[in-house]
Amino acid sequence: MLLFLLFLIFAGAAPPSFSQTTSYLLPSDAVSLLSFKSKADLDNKLLYLINERFDYCQWQGVKCAQGRVVRFVLQGFSLRGTFAPYTLSRLDQLRVLSLQNNSLSGPVPDLSPLVNLKSLFLSHNSFSGSFPPSILLLHRLTVLDLSYNNFTGNIPVQLSALDRLSLLRLEWNRFYGSLPPFNQSFLVSFNVSGNNLTGPIPVTPTLSKFDTSSFSLNPDLCGEIINKACTRVRSPFFDPPLSSSATSPAAPLGQSAQAEGGAGLAVLSPSSSHKHRRTTAILGFAAGVSVLIVSLLCIFFSLVKKQNKQVNVKEKQPAAATSATANSIHTNSIEDAKATRESGEVTVTSKTQEIEVQKVRRLEKSGGLVFCGEKRQMYTLEQLMRASAELLGRGTMGTTYKAVLDNQLIVTVKRLDASKSASTSSDAFEGLMEALSGLRHPKLVPIMAYFQAKGERLVIYDYQPNGSLFNLIHGSRSTRAKPLHWTSCLKIAEDVAQGLAYIHQESKLIHGNLKSSNVLLGADFEACITDYCLAALADTSTEDPDSTACKAPETRNSSRQATAISDVYAFGVLLLELLTGKHPSHHPFLAPTDMLDWVRKVREYDGAEDDQLGMLTEVASVCSLTSPEQRPAMWQVLKMIHEIKESAMVEDNAPPGYS
């Protein structure tokens with residue numbers, strides 16, 4: 001450097017500026033880094049010195065590949081200054097840029113030249129201005145964190161076009177306006193809390209995955225995702241309501257449901273009020289004439305009836321006998337059907353009885369709730385529509401609500417996704433519900449009732465007060481918390497295995513969608529399976545990505561239907577999730593011989609539970625074998641679990657009261 005300056009001086013040239021000098025001697029990436037430091041590091045926290053050409057690759061926070069900067073990470077360096085334009089934006093090979101936890105201020109410059117950028121962390125600074133528009137051009141971006149700054153304005157709708165985003169953090173800024181309909185399939189971390197956003201939250205499959213904490217402290221946000229009604233309140237079970245589209249929005253939903261098939265209410269404009277009064281007068285006159293004619297007809301028929309009184313009296317007794325016989329057939333047929341269902345015996349009924357039973361069933365199922373098994377009608381559809389509803393979650397098959405009726409009865413209502421079950425006919429749905437209504441086991445959440453009309457399908461279950469197994473494993477536990485104790489894993493595994501074995505043996509049906517979110521915890525924290533056999537209604541071409549890891553390899557990305565053996569695979573994945581606390585999507589692909597070492601490592605194994613842990617891991621391994629022919633049947637899996645339980649009791653390792 002010194003020799004170069006002396007050469008220029010002796011040659012009669014003026015000394016160059018800093019930027020001119022470095023451009024002659026240093027690679028462009030080094031120039032970019034030094035230019036950034038000159039504006040962002042006013043307190044000289046970064047000790048950047050260069051004696052050799054590639055010294056900058058050894059600077060704090062810098063990582064190079066083949067002499068080009070690919071990572072620039074300066075987290076918590078107490079930098080004070082601005083992010084100047086035409087500095088870091090010249091690092092066209094940059095993959096990761098992190099400046100979080102500093103004191104940088106001002107707007108974010110144009111970053112569009114960073115075409116290879118994948119992760120951008122600018123959180124916990126004092127950046128201001130509107131949302132940086134150049135970020136919308138970074139189509140390779142997977143991580144974007146602008147949280148805890150002073151950005152303002154609208155969140156641009158174009159942000160939803162960055163379809164590779166897996167993390168989007170915008171909380172604690174001053175963004176206002178509506179929330180764009182984010183629906184990126186890879187988005188797993190999302191937060192817009194602590195802003196001034198307004199209006200309804202778009203109900204997209206992606207946004208619906210996040211709980212209320214992702215949207216909190218935006219007083220004017222509303223919608224079913226955060227269980228806050230917007231200006232127009234509607235029942236969550238029907239959207240739109242079942243009644244005619246002309247029905248007044250102010251009408252109670254129960255009335256709308258009952259009035260399906262009736263005429264809608266006409267809405268009159270102010271300009272037509274005079275015509276309306278004239279029409280009303282004409283209709284009133286016509287109604288009066290009609291009443292007079294009907295009265296005369298009634299008098300005429302009463303005279304005819306009086307003349308034929310004797311004939312009617314003679315025929316009355318046989319008719320009454322016939323009516324009583326018909327009623328007896330109705331009652332006996334239903335009782336015979338119930339007895340047949342309970343005993344499992346096949347009875348032969350007359351053709352007349354079968355017809356009468358079908359008539360009764362059609363009347364029961366016409367536009368109302370159908371109660372399953374021995375459940376008596378405890379409420380009506382209208383009462384269900386008036387119930388206060390709380391969103392519990394969204395899954396592969398639909399949306400689940402907790403409904404509190406006016407008689408304080410609490411039920412769980414699953415509203416099936418019409419787009420996924422559209423290919424299933426009404427008769428097929430009804431047939432499946434009748435089959436499922438006969439399944440009664442302590443480890444199955446019982447189906448109480450169901451409903452279908454005009455494309456809407458509801459399945460009503462008993463309410464389970466302690467949430468799902470997924471929430472127990474992942475929900476309230478910190479990232480450093482240990483997985484469940486092996487005794488809890490064993491008890492839950494036994495409960496689930498009992499319910500699954502019952503389904504396979506009793507009904508010859510399959511669950512088809514077993515995962516931790518479909519295992520609920522009852523009043524005594526017993527594990528009970530829900531959503532069983534509903535997968536038969538689903539269009540498998542629209543599979544939920546979160547469920548793929550739970551499915552057997554032979555049923556993924558193919559037209560092959562799930563089987564009892566594929567249920568066994570899902571059980572093995574569930575057992576590994578119990579033992580490790582890891583989501584199925586994070587399970588490594590390991591040989592059975594390596595599985596135990598992984599489980600021990602994740603559980604921070606201390607040697608206290610070696611035998612039981614090894615046996616449970618072995619059960620999980622054999623259940624989740626790739627080849628379906630090598631997996632055991634569910635009754636065999638249940639037997640293995642019972643053997644582990646017995647061995648634990650023999651060793652006096654079971655907790656008090658465990659059974």
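Helix axes that cross at over 145 degrees count as roughly antiparallel. Keep that cut-off in mind for the opening stop in this predicted model.

**Stop 1: a helix pair.** Select residues 486–507, which make up helix H12, together with residues 564–580, helix H14. Their axes come within 11 Å and cross at roughly 170 degrees, so H12 and H14 are roughly antiparallel. Now show side chains. On the H12 side, the contact is made by Cys-489, Ile-492, Ala-493, Val-496, Ala-497, Leu-500 and His-504. H14 answers with Ala-564, Asp-567, Phe-571, Leu-574, Leu-575, Leu-578 and Leu-579. By class, that contact has twelve nonpolar residues, one polar and one charged.

**Stop 2: an acid in H12.** Stay on helix H12 and pick Asp-495. Is Asp-495 buried or exposed? Its relative accessibility is 2%, so Asp-495 counts as buried. Setting aside neighbours within four places in sequence, you'll find Asp-495 in contact with Lys-443, Glu-526 and Ala-527.

**Stop 3: the rings.** Over the whole structure there are 13 aromatic pairs. Try Tyr-56 with Trp-59: this pair is edge-to-face, 6.4 Å centre to centre, with 65 degrees between the planes. Both Tyr-56 and Trp-59 are buried.

Next, jump to Phe-429 and Tyr-450, also an edge-to-face pair, at 5.9 Å centre to centre and 85 degrees between the planes. Phe-429 sits in helix H10 and Tyr-450 in strand S19, so the pair ties together parts 21 residues apart in sequence. Phe-429 is buried at 0% relative accessible area, and Tyr-450 counts as buried at 3%.

**Last stop.** Select Phe-127, Phe-131, Phe-151 and Phe-175, which ring pairs link into a cluster.

Technical notes. Residues numbered from 1 in each chain as written. Predicted model: local features only at pLDDT ≥ 70, side-chain atom pairs only at ≥ 80, totals over all residues. Heavy atoms only, no water. Axes fitted to C-alpha atoms, helices over the stretch in contact; angles between N-to-C directions. Helix = DSSP H or I, 4+ residues; strand = E, 2+ residues; numbered from the N terminus. Parallel < 35°, antiparallel > 145°, perpendicular 65-115°, else oblique. Contact = heavy atoms within 4.5 Å. Nonpolar A, V, L, I, M, F, W, Y, C, P; charged D, E, K, R; others polar. Buried < 20%, exposed > 50% of the residue type's maximum accessible area, 1.4 Å probe, protein only. Phe/Tyr/Trp six-rings, centres within 6.5 Å; stacked < 30°, edge-to-face > 60°.
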